[in-house]
Amino acid sequence: MTQITPQPGIMGIQLYQGGASHVDGVSNVLKLSSNENPFGPSNAAMEAYRREAFHLHRYPSTDHKSLRAAIGDIHGLDPDRVICGVGSDEIITFLCQAFAGPGDEVIHTEHGFAMYRISALAAGATPVEVLERERTTDVDAILNGCTEKTKLVFIANPNNPTGTMIGGNEIARLADGLPDGALLVLDGAYAEYVDGYDGGASLIDTCDNVFMTRTFSKLYGLGGLRVGWGYGSQQVIDILNRIRGPFNLSIAALAAAEAAIGDTDYVEKCRTENTRWRAWLAEALAELGVPSDTSTANFILARFSSRTEANSCDEFLKKQGIIVRRVAGYNLPNCLRITVGDEAGCRRVAHAVKQFKEQTQ
Ligand SMILES: *Cc1c(COP(=O)(O)O)cnc(C)c1O
């Protein structure tokens with residue numbers, strides 16, 4: 001057994017912790033731990049998924065032409081420069097596999113998404129963490145962290161788990177200042193929640209060192225199906241397509257995603273509800289002495305006075321069947337990340353935090 005050893009870096013990977021989904025002995029659980037759409041998928045997506053039951057003996061398309069055309073149509077992008085993956089996680093994996101290996105550096109920010117580090121290590125590259133400023137991406141810190149070994153720079157905008165984002169000028173300044181040979185990856189998992197934000201797409205059309213990832217897991221409510229996509233220069237897309245498995249997306253996933261993106265009324269409804277209840281929840285928690293940074297996504301990073309208070313609030317919520325996310329693993333031990341639910345969900349979690357505060361006073 002001992003001669004069987006993995007590639008360097010692999011044993012340094014800490015397993016990704018997904019949001020919990022059940023509490024022992026509690027039936028009406030409210031899951032606010034994984035930034036899922038509280039309204040679920042659109043009816044159109046569910047119908048498309050069911051229809052595919054009759055075709056399960058058929059292999060899926062290898063080029064995802066129809067889904068890419070729908071994405072291009074909705075977002076005003078060149079479909080030839082779109083690549084689809086098993087969640088945007090797979091696109092992140094492709095990027096690391098294609099561009100970073102032993103001796104190369106992959107930059108992510110202090111409270112950045114865990115998959116950047118995991119995928120960099122899996123590719124044998126060295127993850128490099130740079131500081132944020134007040135839980136917000138710091139462009140100067142990233143530029144200072146770059147070396148001639150930097151191959152990829154990952155930032156989520158809006159970021160998870162902080163919910164903060166930086167503006168287009170800052171992104172452009174970052175792209176402009178990167179060393180030759182480094183690719184800036186803008187993870188737009190939450191871009192749809194930001195009114196008028198294109199996730200960086202227009203910048204990509206003028207800067208070929210910028211790439212964008214997007215997902216159907218959040219606003220579109222299809223996290224369980226695993227569909228994501230990326231957009232970049234033709235050169236980068238052609239490279240990534242070489243390592244993409246020909247049948248990486250199932251027929252059901254392709255059909256449901258295409259229907260979901262076309263159901264624009266439903267998408268708009270989910271976006272509007274999120275904006276409304278996010279503001280309500282942030283305000284309700286702030287009044288209870290639990291502040292948060294202004295969130296641009298579908299969750300709030302609630303800040304407690306200490307790690308102890310955050311953990312005991314989490315325990316209290318869990319006893320009532322409310323599951324939120326601890327983020328000590330993201331170096332935010334005094335915070336809890338709470339997904340914005342529907343109205344009932346937001347009221348329930350705010351009420352429970354109020355009870356927690358009253359009980360501990
Ligand atoms: C949820 C999330 C994703 C989405 O991952 P999928 O693989 O598409 O489900 C990507 N990036 C960030 C920052 C996220 O929070």
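The following exercises concern the ligand site and one annotated span of a predicted model.

**Exercise 1.** Identify which residues around the ligand come nearest, and state how the shell divides by residue character.

*Solution.* Begin with the shell, which holds 14 residues. Those that come nearest are S88, D187, T215, S217 and K218. Next, sort the shell by character: 5 residues are nonpolar, 5 are polar and 4 are charged. Finally, assign the shell to secondary structure: helix α3, residues 87-99, supplies the largest share, with 3 residues.

**Exercise 2.** Determine which atoms of S88, S217 and K218 lie within the 3.5 Å limit of a polar contact with the ligand.

*Solution.* Take S88 first: a backbone N or O atom of this residue is 2.6 Å from a ligand oxygen atom. For S217, a polar side-chain atom lies 2.6 Å from an oxygen atom of the ligand. For K218, the side chain places an N or O atom 3.3 Å from a ligand oxygen atom. Each distance is then compared with the cut-off of 3.5 Å: the values are 2.6 Å for S88, 2.6 Å for S217 and 3.3 Å for K218. As to cover, the ligand on its own has 390 Å² of accessible area, of which the protein covers 94%. The ligand takes up the space of the second largest pocket.

**Exercise 3.** Describe the span that the UniProt record annotates as a domain.

*Solution.* First, locate the annotation: the unreviewed UniProt entry assigns "domain: Aminotransferase class I/classII large" to residues 28-352. Then consider composition: residues 28-352 are 41% helix and 16% strand. Lastly, the end C-alpha atoms of this span lie 14 Å apart.

Methods
Residues numbered from 1 in each chain as written. Predicted model: local features only at pLDDT ≥ 70, side-chain atom pairs only at ≥ 80, totals over all residues. Heavy atoms only, no water. Near = heavy atom within 4 Å. Polar contact = N/O pair within 3.5 Å; in protein donor to acceptor, adjacent residues only side chain to side chain. Areas by Shrake-Rupley, 256 points an atom, 1.4 Å probe, with all protein chains shown as cover. 1 Å grid on protein atoms, 1.4 Å probe; cavity = no way out; pocket = protein on both sides within 12 Å on 5 of 7 lines; lining within 4 Å. Sits in = over half its atoms within 2 Å of the grid points. Helix = DSSP H or I, 4+ residues; strand = E, 2+ residues; numbered from the N terminus. Nonpolar A, V, L, I, M, F, W, Y, C, P; charged D, E, K, R; others polar. UniProt positions renumbered as here; feature names shortened; annotations may be inferred.
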